[in-house]
Amino acid sequence: MKSDIVYPLNIGPVHPAFKEPIKFTFRIEGEQVAGVDIDFGYTHRGIEKIALERNYIQIIYLLERVCGICSFSHPLAYCLAIEDVAEIQVPDRARYIRTIIGELERLHSHLLWTGIAAHEIGFDTLFMYTWNIREKVLDCLEEFTGNRINYGMLTIGGVRRDITPENSETITRMLEYYMELYDRASEILLDDLTLRARTEGIGILSREQAEMFCAVGPTARGSGLLKDVRIDYPVNAYYDIPWLNPISPRDIGKEPIGDVYDRMAVRVLEIKQSLNVIQFCMENLPEGDINSGEGAVKIINKLKKLEGEGIGRYEAPRGEVCHYVILDNQEHPIQLKVKAPTYSNGFTWIPMLTNIEIADIPIVIASIDPCVACADRMTFIRKDGAKERYSWDYLHQKSIQKYKRSANQ
Amino acid sequence: MVYYYRCYNVIDNNRGTYVKKINYKHLKRSLWAYHMNTGSCNACDIEILATLMPRYDAERFGIKLVGSPRHADVLLVTGTVTEKIKDKILQVYQQVPKPKLVMIIGSCGATKGVFHESYAMAGPLDTLLPVDVYVPGCPPRPEAIIYGVAKAWEKLEEL
């Protein structure tokens, strides 16, 4: 309902609706949102700067802590960037193991998201249900890598632990468990009347807007963009999978309009896709080495003699992760840039949140699966509390200066 | 017979002092927790939620997350304290009624952990607030978090 009365509504930075600190300032007309301002930066930890003081192996474990949910995607993108500079060939078995763990991570992230989305609309039974079945994939990851959340599986040029026959049995059992549950779970998530009533037709992001704001991952695919780094720029074992296609709501016979329901449908279908990819990799797992067999010191010594720049791209559960490194004959990189998916997707909140009801704010915000810890790469703190606005040209000029300087050092 | 009623503090807000002495005995069960993220990477946060989910089910002990610090007995803090959120954690701490406990979940809240060289840190938390229970781990397992809450009970009994 619209009204002439306009008032501001602050949500955050500390608010029970989001698990992470982020501040929204809404301009409310009656009960409708007329505009929104977003303030990031509360979880800025300066990871890019710390990384310049650590050696190449230590950075892998630092980058796991960029985000606890994408704790495999970030170090993988970094390893791909370093392997790009050093022209290291990853053994076939390691490529498959990387794919399996990446897909297990996607599975647990999407199950986590469906639970959070159900919680945001007050459907706590579904929240408990999905988080309960999610424990199975965490058990699998724990047996496989030794930890539930931060796996520590990657090294430059391969992985650190192999899949033993006992592990493959666990994975087979896990796949059977989820295949059995999938039909029931997708029926609840996609056909339930309550969920449909709360998610259909709200938070619309049109195809043009998704292109304009450079949306990535399920957010872009929900708007009908067929965009997936696994297919467009394949790494790991994704070369070998002929049937892998970007998921779109058309797969369940629905024309995508980019609402919350479409984004949910994409994630639910991706759960099935991940299960199929894991099954494919387990059936076709090649024999051989899992890494180059060189110790950390040898790898660092090799990278110390290199210069150049490399880029690594990988499709994290939330979208494209991109890491950029510059090496210059030193024990540590002289530049590291982390580009996380929420960095792009965060701006799609502006068209999504405009002209919705106040009650829909939590589910629309949760619908892009935000990860603030991933996105907080830069912050300005001024002691006098003054606000500054920077134009596009100014920031562009600044970034050119910065990267030129570091490349010439 | 065990009485499961909650004891609300009677505080003179202007002076911040107790008007009535509180019977701590009634607070030693069913702790209500308020969770605050002060720059964590989400790993500890999802482990806290996993603790409350059906597998580990800490809610059977009466532990639950509440939406406002004013309803809480325990402040669960995850993450290292960043410069930008320092004021907010101090404000939230003021809002929790006495007697209150502060629990740090995760290594980086206790020691800055892997981010120890960072320029953006105001923590570790125990330099800003009195901390009662530390749960180390990156992230700690749900069992460790339940053990930490059990330690918090013991601490409340001593008060």
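Helix axes are taken here as lines fitted to C-alpha atoms over the stretch in contact, and the angles between them run from 0 to 180 degrees between N-to-C directions. On this basis, and bearing in mind that the model is predicted, the arrangement of helices and strands in chains A and B can be described as follows.

In chain B, helix α1 (residues 43-52) packs against helix α4 (residues 142-158) at an angle of about 75 degrees, the two axes lying 9 Å apart. Because angles of 65 to 115 degrees count as roughly perpendicular, α1(B) and α4(B) are roughly perpendicular to each other. The contact is made on the α1(B) side by E47(B), I48(B) and T51(B), which meet P142(B), I145(B) and I146(B) of α4(B). By character, the residues of this contact between α1(B) and α4(B) comprise four that are nonpolar, one that is polar and one that is charged.

Helix α4(B) also lies across two strands of chain B, β6 (101-105) and β7, and runs at about 160 degrees to β6(B). Both strands belong to an open sheet of five strands in chain B, in which the order is β4-β3-β5-β6-β7 and the pairing is parallel. The edges of this sheet are formed by β4 (64-65) and β7 (133-135) of chain B, each of which pairs on one side only. Within the sheet, strand β3 (residues 32-37) of chain B pairs with strand β5 (residues 74-78) of chain B in the parallel sense, over five bridges, and Y34(B) stands opposite L75(B) in β5(B).

In chain A, an open sheet is formed by three strands in the order β1-β2-β3, and here the pairing is antiparallel. Strands β1 (6-11) and β3 (32-39) of chain A are the edge strands, each pairing on one side only, and the twist from one strand to the next averages 20 degrees. Strand β2 (residues 23-29) of chain A is joined to β3(A) by seven bridges in the antiparallel sense, and for E29(A) the bridge partner in β3(A) is Q32(A).

Chain A also contains helix α6 (residues 165-191), a helix of 27 residues that reaches 39 Å from its first C-alpha to its last, close to the 39 Å expected at 1.5 Å a residue. Along its course, α6(A) bends by about 40 degrees, the bend being located at Y182(A).

Definitions and conventions:
Residues are numbered from 1 along each chain as its sequence is written. Chains are lettered from A and ligands numbered from 1 in the order in which they are written. This is a predicted model: local features need pLDDT of at least 70, side-chain atom pairs count only at pLDDT 80 or more; totals for chains, interfaces and linings use all residues. Side-chain values use heavy atoms; hydrogens and water are left out. Helices (H or I, at least four residues) and strands (E, at least two) are DSSP runs, numbered from the N terminus. Angles under 35 degrees count as roughly parallel, over 145 as roughly antiparallel, 65 to 115 as roughly perpendicular and the rest as oblique. Contact means heavy atoms within 4.5 Å. Ala, Val, Leu, Ile, Met, Phe, Trp, Tyr, Cys and Pro count as nonpolar, Asp, Glu, Lys and Arg as charged, and the others, Gly among them, as polar. The expected span of a helix is 1.5 Å times one less than its number of residues. The bend at a residue is the angle between axes fitted to the seven residues ending there and the seven starting there. Two strands pair if DSSP finds at least two bridges between them.
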